[in-house]
Amino acid sequence: MDLLGTFVFGLSGAMLAVRRDLDLFGILVLSLVAATAGGALRDMLIGATPAAFLSDQRYFVAALLAGVVVFFGHAQIEKLTRPVMVLDALGLGLFAVTGAQKALAYDLGPMGAIWIGVLTACGGGALRDVLVAEVPRVLCEEIYALAALLGALIVVLGHGAGWPAGLTAVCGAALASAWRIVSVYRGWQVPRARKR
Amino acid sequence: MDLLGTFVFGLSGAMLAVRRDLDLFGILVLSLVAATAGGALRDMLIGATPAAFLSDQRYFVAALLAGVVVFFGHAQIEKLTRPVMVLDALGLGLFAVTGAQKALAYDLGPMGAIWIGVLTACGGGALRDVLVAEVPRVLCEEIYALAALLGALIVVLGHGAGWPAGLTAVCGAALASAWRIVSVYRGWQVPRARKR
Amino acid sequence: MDLLGTFVFGLSGAMLAVRRDLDLFGILVLSLVAATAGGALRDMLIGATPAAFLSDQRYFVAALLAGVVVFFGHAQIEKLTRPVMVLDALGLGLFAVTGAQKALAYDLGPMGAIWIGVLTACGGGALRDVLVAEVPRVLCEEIYALAALLGALIVVLGHGAGWPAGLTAVCGAALASAWRIVSVYRGWQVPRARKR
C-alpha cells in the first residue's frame, strides 16, 4: 500500500515534469522528489535519520518506475484523470496517517503529530511544485491539505483515547481519502479572505 | 517574548498569503511556515531533533492565531505598517540571538553559530517567499539579514570573551532590532555589484 | 580539493546573484547556499549532524571568498566561461563521490548512496536557483546530474566489489567530471518525452 502511494505520487511528479518539458533525468528526479520528499522532511524534522526511504530500495524502484511509465505513456495517463486522482487521494490519506503515527512514536505532542502528518502527505507535492517555480497547488487548491489534516487528526485523537492503532489508521486514511475524492467531485473550496 | 516573535512572523506569512489570494488553509500554512521554518532548519542542521516547535503546542497556537487574526482583520493590519515592522524587527533580533545561542550550546564554531543565527531569523521568511514563487525579500532588501548577523555576531563574540550569556543576548537582540528599525526609516541599503 | 569545489560552487551562486541584481549580502548568501546546501542536505538526510560545513570554518571562508571575488570581479569572471565550467565539473565529480562515500559509511544501501551522491553534487545549485525563483538548471540542462550519478555509481559499485576506496573515488570523480566537460563541448542532451 505504502509503495502504491509512492508510485502514484511519483506519477504526479513525472507528469508535471513532462508538462514543463524537462528531460528524462528531470522526470525521474521529479518523480523521486514528489514521492519521497514528504517522508524525508518528516524524518529530518523528528530526527528519524537516515531517512526511511534511503534504506529501502523499493521506494526508489516504485518512484523511478512511475517516471519511466510517464516517460513512455504520458499521453495515455493524461486521459486517466479520474483513476489517477483517486489513487492520489489514497496516497494522501495513507501518508497522512503513517506520518502522524511515526510522529507519535517519537513522542511528539498532538499538534506536532498532526502537522507532521500533513507535511508527510503534502511535502512531496509542495517541493515538486517549488522545483518548477510554481506556487504549490496544495496552498491554493481545494480541500487537499485539509483532507490530510483530517486523517492525521483521527490518528492523534485515537491515540489519545487509547483506540487500537490499526483501526484508527484505517479509519483515518479512509476518511481522508474519501473527503478528498468527494471534494473534487463536488468542487468544495476553503473560504478565502475578503479583499478590499 | 519568543512567542511574540512567532506571532509576528506568523502575521507576515498570513499577510503574504492573503495578498496572493490563498484560501484559509493556505493562510494558516504560510503563518506556520513563516513562524517556525527558521527554527526548524536550525534544529535539523545542528541535529536538535525533534525540532523544538514540534514539541511545544504554544508555537502552533501563536502562529495559527496570527493566521486567524489576518484572515478576519487583514485590512486593519495592512494599515499598521509601522507597528508590524517594529514587532518584526524585534522578532528578527530575538530569533538571531536564540539561534546563535543554541548553535553554541551544540558546540559549533563561531562562523557556524553566526550562520545558524541568521538562518533562524531569516529562514522562515525565505521559505514563505519561496512557497509563493517569489525571490525571498531577505535577499534583495535593505539591512534585514545584516541586522540578524549583527545580533548573532554579538552573541558569538560575547561567548568567546566569556561575558554573561544573558547580557550579550539582550544587547545582541536590542542592537539587531534597533539597526533594522533605523535602516528602514533611513532607507539604508547594502551596496550592489556594478553591472557592465 | 574539497575546498576548491566549495569555492567554485560559491562562484556560481555569486554570479547568479549579481545577474539578478542582489545586494552584497544576497551575493554572499547565495555563494554560501550554492557551496554548502548540497552537503547540508546530505548530512540532514543521513543524520550526520551537526552538518559538516558548520563545524569547519574553511568552508565558510572559501564560499564567502568566492562571493567577494565575484562582487569585485564579476565582469572578468563572466569572460572565463571555460575555466569556470571545468572547475565546476571538477566540483561536481568530487561532491558526488564524497557524498556517496559518506552515505555508504552511514550504512545506506546502493540506491540510497547513489541518490545522496547526486543530491550532494546538485542540491546546492538547485537551491541556489530556487532562491531566485528559477527552475533549477540541473533539471532541464544537459548531462549535469547524470554525470554526478555516474560518479556516485562508480563509488557504490567499487564498494560492492571490494575495490580500494581511494581508487574508486578518484576514478568516479574523474569520469564524472570528464563526462560533464565532454557533454558541454559536444552539446549532448538527455532525451525528452515526446509531447502530443
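How much area is buried between chain B and chain C, and what percentage of that area do carbon and sulfur atoms give? Keep in mind, before selecting anything, that this is a predicted model.

**First stop: chain B against chain C**

Select chain B and chain C together: the area buried between these two chains is about 2700 Å², and carbon and sulfur atoms give 72% of that area. Within this selection, pick out Leu45(B), Trp115(B) and Leu139(B), which together supply 26% of the area that chain B buries against chain C, more than any other three residues. If the selection is widened to every residue in contact, it takes in 32 residues from chain B and 31 residues from chain C.

Now colour the chain B side by helix, and look for α2 (24-46), α5 (110-131), α6 (137-140) and α7 (144-161) of chain B, each of which supplies at least two residues of the side that touches chain C. The helix to highlight next is α5(B), since the most is given by this one, with seven residues of that side. Recolouring by residue class instead divides the side of chain B that touches chain C into 22 nonpolar, three polar and seven charged residues.

With the charged residues displayed, what is the number of salt bridges that the rule finds across the interface of chain B and chain C? The rule finds zero salt bridges there, while the count of residue pairs in polar contact between chain B and chain C is two, both at pLDDT 80 or more.

**Second stop: chain C against chain A**

Move on to chain C and chain A, where 32 residues of chain C are in contact with 31 residues of chain A. The area buried between chain C and chain A is about 2700 Å², with 72% given by carbon and sulfur atoms. Across this interface the rule again finds zero salt bridges, and two residue pairs, both at pLDDT 80 or more, are in polar contact between chain C and chain A.

On the side of chain C that touches chain A, select α5(C), from which the largest share, seven residues, comes. By class, the residues of this side divide into 22 nonpolar, three polar and seven charged.

**Last stop: superposing chain C on chain A**

Finally, superpose chain C on chain A, for which a rotation of 120° with 0.0 Å of shift along its axis suffices, at an RMSD of 0.0 Å. The two copies are therefore related as by a three-fold rotation axis. With both contact sets selected, note that the copies use different surfaces, given that 9% of the contact residues of chain C recur in chain A.

Key:
Residues numbered from 1 in each chain as written. Chains lettered and ligands numbered in written order. Predicted model: local features only at pLDDT ≥ 70, side-chain atom pairs only at ≥ 80, totals over all residues. Heavy atoms only, no water. Contact = heavy atoms within 4.5 Å. Buried area = accessible area lost by both parts, 1.4 Å probe. Salt bridge = Lys/Arg side-chain N within 4 Å of Asp/Glu carboxyl O. Polar contact = N/O pair within 3.5 Å; in protein donor to acceptor, adjacent residues only side chain to side chain. Helix = DSSP H or I, 4+ residues; strand = E, 2+ residues; numbered from the N terminus. Nonpolar A, V, L, I, M, F, W, Y, C, P; charged D, E, K, R; others polar. Least-squares fit on C-alpha atoms with pLDDT ≥ 70 in both.
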